[in-house]
Amino acid sequence: MKKTNSEMLYERACKLIPGGVNSPVRACRSVGTYPLFIERAEGSRIYDVDGHAYIDYVGSWGPMILGHRHPQVIDAVENVLSRGLSFGAPIDLEIELAQLIIDAVPSIDMVRMVNSGTEATMSAIRLARAFTNRDTIIKFDGCYHGHADTLLVDAGSGVATLAIPGSPGIPESIVAHTISLPYNDIQAVETLMSKKGKSIAAIIVEPVAGNMGLVLPKPEFLKYLRDITKSHGTLLIFDEVMTGFRVSYGGAQELYNIDPDITCLGKIIGGGLPVGAYGGKKHIMEMVAPQGQVYQAGTLSGNPVAMAAGIATLKTLHTTNPYAELSKKTEHLVQGMTQLITKTGKKATASCVGSMFGLFFTDQPITNFKEAKTSNLAMFKSYYTSMLSLGIYLAPSQFEAGFVSTAHSDEDIATTLTTFQTVMEKL
Ligand SMILES: *Cc1c(COP(=O)(O)O)cnc(C)c1O
């Protein structure tokens, strides 16, 4: 059979780039295929180099909440180009994006821009350790906080997809300071904190877990984390790299009404360009250099083009306030999926929060990573490949969430449900 353009590009890429990709899950190994190389994207559609169009529910893994090539974002980027690409000196746009973030997220008094979610969480951990003068941190199994040494323990996303427990190259002595507990398990946190609470610098959590598939927090879980950290002088870090400006304008902390000490952001705040940020209470953030002693820096941090894309994205979200409609559309999708699951008698469960959605191939409720791993992965694989072949672009892993954007029309959702029915009937 004649090779596709994607296949030929992938073969070339594999000779030059490890695994042919610059981020592991993109390689589509767990679903037994090669990645599609993308030509372009527009609105809710993504087009591969073989001329196929797909309805895109990956949205660059979260950032593209306004869809691809949103006119306001593209305009902002084009306009800033006349000023230059990078100065390594302060610009007005950094203040503007900081102000938008601080106005949106109540727990953030001050914010520092970085270039990725990984940098945001890594820096937040350093800050929490410095602030508390303690070394140990608690995270949760299946939560992914980027690929920094400290946080790559029982992690979600690509680590879960490739079924690798940690990573070679990370010293035992570093991992020794990280404790990973089951998500949603108040008892496990209680037991640990009662023994070691005074030596724990921070608890870091995805307030909605989106990197082990979509797993919702039990309402009392996040509140418990807030209370127990407060009573032990431990900081609570919300990793809202995915949920920030996604599940609501103020993130999961607004949705669940929790006040964390430090918040990590990324994805949407860059509007499709590489941006991350960490922010929090003034007395904590003032410890960051040059105001304080905690060193953290970046040659391209606060980059003009990235700031412009972020500002345009947040401003558009602020003025159009699409969150109710996004939720409605996503609920419509998930309710439709649920009905078709029942109708076709398949063992599967769909869920959503805001514009994030997930599907597991089990009829049991999923509340943590251990349960998520009981999903029928062989079935996911045929589901994924069938959906793709019929024009629906989903993340190539059971352990990722799906994203609806403002560019997805009711017709897109209807088409997706029709396709879902066809695929589920044949599974
Ligand atoms: C994507 C993600 C990260 C990592 O962000 P990068 O920009 O890929 O480094 C961290 N935490 C969460 C919750 C994420 O979803």
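Contact here means heavy atoms within 4.5 Å. The model on screen is a predicted one, and the tour starts with its two domains.

**Stop 1: the two domains**

Colour residues 5-69 together with 322-426 as domain 1, and residues 71-320 as domain 2. Domain 1 is thus made of two segments of the chain, with domain 2 written as a single range. Place a marker at the C-alpha centre of each domain; the two centres are 25 Å apart.

**Stop 2: where the domains meet**

Select the residues of each domain that are in contact with the other: 33 in domain 1 and 39 in domain 2. The size of an interface is often given as the accessible area lost when the parts come together. For domain 1 and domain 2 the buried area is about 2900 Å², and carbon and sulfur atoms supply 69% of that. Now show Tyr323, Met356 and Phe369 as sticks. These are the domain 1 residues that lose the most area to domain 2, and together they make up 21% of what the domain 1 side buries.

What kinds of polar link should you look for across this boundary? There are six residue pairs in polar contact between domain 1 and domain 2, counting pairs with both residues at pLDDT 80 or more. Salt bridges between the two domains number zero.

Next, select strand S11 (349-353), strand S12 (356-360) and helix H13 (369-372), the elements that each give two or more residues to the side of domain 1 that touches domain 2. S12 gives the largest share, four residues. Coloured by type, the residues on this side of domain 1 divide into 21 nonpolar, ten polar and two charged.

**Stop 3: an aromatic pair**

Across the whole structure there are twelve aromatic pairs. For one of them, select Tyr54 and Tyr393. The ring centres are 6.0 Å apart and the planes stand at 50 degrees, so this pair is classed as tilted. Tyr54 belongs to strand S3 (residues 53-56) and Tyr393 to strand S13 (residues 392-393), so the pair ties together parts that are 339 residues apart in sequence.

**Stop 4: a salt bridge**

The structure has nine salt bridges. Select Glu42 and Arg69, whose side chains form one of them, with 3.2 Å from N to O. Glu42 sits in strand S1 (residues 38-42) and Arg69 in the loop between S3 and helix H2 (71-80), so this salt bridge ties together parts 27 residues apart in sequence.

**Stop 5: Gly43**

Move to Gly43, in the loop between S1 and strand S2 (45-48). Which residues does Gly43 touch, leaving out those up to four places away in sequence? They are Gly67, His68 and Ala407. To check a distance in the viewer, pick the C-alpha atoms of Gly43 and Asp56: they are 8.9 Å apart, with the two positions 13 residues apart along the chain numbering.

**Stop 6: two backbone details**

Select Ser60 in the loop between S3 and H2. Its phi is near 55 degrees, a positive value in a residue other than glycine.

Finish at Pro290, in the loop between helix H10 (282-285) and helix H11 (304-320). The peptide bond from Ala289 to Pro290 is cis, and its omega is near 10 degrees.

How values were computed. Residues numbered from 1 in each chain as written. Predicted model: local features only at pLDDT ≥ 70, side-chain atom pairs only at ≥ 80, totals over all residues. Heavy atoms only, no water. Domains from an automatic or database assignment. Buried area = accessible area lost by both parts, 1.4 Å probe. Salt bridge = Lys/Arg side-chain N within 4 Å of Asp/Glu carboxyl O. Polar contact = N/O pair within 3.5 Å; in protein donor to acceptor, adjacent residues only side chain to side chain. Nonpolar A, V, L, I, M, F, W, Y, C, P; charged D, E, K, R; others polar. Phe/Tyr/Trp six-rings, centres within 6.5 Å; stacked < 30°, edge-to-face > 60°.
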